[in-house]
Amino acid sequence: MADSQDYDIVILGAGSGGYAAALRAAELGMTVALVEGDKLGGTCLHRGCIPTKALLHSAEVAEMVRHAGAVGVNGSLDGIDMAGVASFRDGVVGRLYQGLQGLVAARQVNLVHGWGRLVAPDAVEVDGVRYRGKHVILASGSRSKTLPGLEIGGRVITSEQALELDHVPASAIVLGGGVIGVEFASLWQSFGTAVTILEALPNLVPNEDVSVSKALERAFRKRKIAFHTGTRFAGVEQGAEGVTVRTEDGGTYTSEILLVAVGRAPMTEGLGYDEQGVRLERGYVRTDERLRTSVPGVYAVGDIVPGLQLAHRGFQQGIFVAEEIAGLKPAPVVESGIPRVTYCDPNVASVGLTHTQAVEALGEENVVTLEYNLGGNGKSQILQTGGFVKLVREKDGPIVGVHMLGDRLGELVGEGQLIVNWEAYPEDVAALLHAHPTQDEALGEAALALAGKPLHAHN
Ligand code: NAI
């Protein structure tokens, strides 16, 4: 019989979902064991959001230097020092990691290092020690997926290896024009790589409103990022010279490396979930809206729960479950209200329903949309970015979707998120001031126009 320790909550996985649950539960006075085989912080902090956004910032600076002459600043881009880029990236990650370790220690969460396994509905075992919890939270996260016949190795890499490249590749094929695909395509192009994206569906970022997808395609064309939509992967060969991808339509593409960005799969295999009766569906953990699994006392949060695989969804679900266990009866996390930002150049940011989804939900005659072009926004002109803010509203009703494209517009998603989740009417937003000149004003202007009183836009 293994040694055993007892806690109020045992959490398997210390990524965004798991550590948020741990911190909130500890704050609420519960004892917590947080089990992690790799590093506290998980994918987002070490292999995902944070390091990629650091690289994208280096890419943004490269573009600024490259185009400095346009604003009267003399300068030239002499090259990209990948060792310098890596040390900037690692510095950001390192400081956040240190801060997070401090927080977990300060709240007296017991961080258990080692790979855990669910061995009973109320116990996780790590290296022969059983951590028993009155409640267990599964938060084991996700990993990069690949396709049949597409083995990762050599010149064929996932985002994990792409993040760690020690040089700027001369050329790259990006398989998948989703979130990871367009972010890497964007940053590599800024660093000087010749990029080609292959996407099976008819548009890049196919989950976004179609006018955003089309505008991103125009922007990428202008940036000379090659892409082929409606193009499915058929096979790959790699050799000393490079990697060649064949597509189902008979095309062949050759480059130095191939980034596979066709989605992320939940990590639920070999962890004892199904043996303990946790119901899985296509590898994901099935939960109800209160994030309860099929086993009483066992919850799941983050990327293993079907839906958007985003860190901030994980945080919110983790907080929700901790509060649920504490008996605070929190409101469930509403999937359609989760903000989404893709940090390519230009940014894509959205929350709520796309135009197509709104038409499906409400009927064509009950949907009104408005696009406000950044051409009328002073700050965007100063920053030399084009793009737009698109609002989707229910006729005579609230705004149900906010969709934006333009440099730095990711930072505006906070207001978009409040608008959609507070079910604001255009008149509500139009009555509130937006500082001038900011890019945020574009949201205010869009609401003014939708309320029938445009200022810097045509009727
Ligand atoms: P994704 O689901 O966004 O995109 C994968 C793309 O690959 C899809 O557009 C799909 O149509 C395409 N594809 C699939 N099979 C194909 C084939 N045989 N041939 C050609 N194309 C094919 O997944 P991605 O980009 O790998 O990202 C994974 C997850 O990570 C996403 O859920 C995303 O939310 C999250 N993430 C979020 C970020 C953010 O919020 N900024 C950044 C990076 C990742």
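**Exercise 1. Find the loop that holds proline 346, then work out which peptide bond there is cis.**

Step 1: Go to strands β20 (340-342) and β21 (347-352); proline 346 sits in the loop between them. Keep in mind that you're looking at a predicted model.

Step 2: Check the bond that joins aspartate 345 to proline 346. Its omega is about 0°, and the bond is cis.

**Exercise 2. Which residue comes before proline 437 in a cis peptide bond, and where does proline 437 lie?**

Step 1: Start with the place. Helices α12 (426-430) and α13 (441-450) have a loop between them, and proline 437 is in that loop.

Step 2: Now step back along the chain to histidine 436. The bond from histidine 436 to proline 437 is cis, and its omega is near -5°.

**Exercise 3. Is phi of arginine 282 positive or negative?**

Step 1: Locate arginine 282 in the loop that runs between β17 (280-281) and β18 (284-285).

Step 2: Read off phi: it's near 45°, so to speak on the positive side, in a residue other than glycine.

**Exercise 4. Describe what surrounds the ligand.**

Step 1: Count the shell. There are 25 residues around the ligand, and the closest are Ile180, Glu183, Glu199, Gly263 and Val341.

Step 2: Sort them by class. You should get 14 nonpolar, 6 polar and 5 charged residues.

Step 3: Ask which helix gives the most to this shell. That's α6 (residues 179-191), with 4 residues.

Step 4: Look for polar contacts, using a cut-off of 3.5 Å between N or O atoms.
- Valine 341 has a backbone N or O atom 2.7 Å from a ligand nitrogen.
- Glutamate 183 puts a polar side-chain atom 3.0 Å from a nitrogen atom of the ligand.
- Valine 179 has a backbone N or O atom 3.2 Å from a ligand oxygen.

Step 5: Finish with the cover. On its own the ligand has 850 Å² of accessible area, and the protein covers 81% of that.

**Exercise 5. How do helices α1 and α8 cross?**

Step 1: Pick out α1 (residues 16-27) and α8 (residues 311-325). Their axes come within 7 Å and cross at roughly 35°.

Step 2: Add the handedness: this crossing is right-handed.

Step 3: List who meets whom. On the α1 side you'll find Tyr19 and Arg24 among them, and the α8 side includes Phe315, Ile319 and Glu323.

Step 4: Split the contact residues by class, giving 8 nonpolar, 4 polar and 2 charged.

Key: Residues are numbered from 1 along each chain as its sequence is written. This is a predicted model: local features need pLDDT of at least 70, side-chain atom pairs count only at pLDDT 80 or more; totals for chains, interfaces and linings use all residues. Side-chain values use heavy atoms; hydrogens and water are left out. Axes are lines fitted to C-alpha atoms, for helices over the stretch in contact, and angles run from 0 to 180 degrees between N-to-C directions. Helices (H or I, at least four residues) and strands (E, at least two) are DSSP runs, numbered from the N terminus. A crossing is left-handed if the near helix is turned anticlockwise from the far one by less than a right angle, and right-handed if clockwise. Contact means heavy atoms within 4.5 Å. Ala, Val, Leu, Ile, Met, Phe, Trp, Tyr, Cys and Pro count as nonpolar, Asp, Glu, Lys and Arg as charged, and the others, Gly among them, as polar. A residue is near a molecule or strand if one of its heavy atoms lies within 4 Å of it. A polar contact is a pair of N or O atoms within 3.5 Å; within protein, one must be able to donate a hydrogen and the other to accept it, and residues adjacent in sequence count only if both atoms are side-chain atoms. Accessible areas come from the Shrake-Rupley method with a 1.4 Å probe; for residues, only the protein chains shown count as cover.
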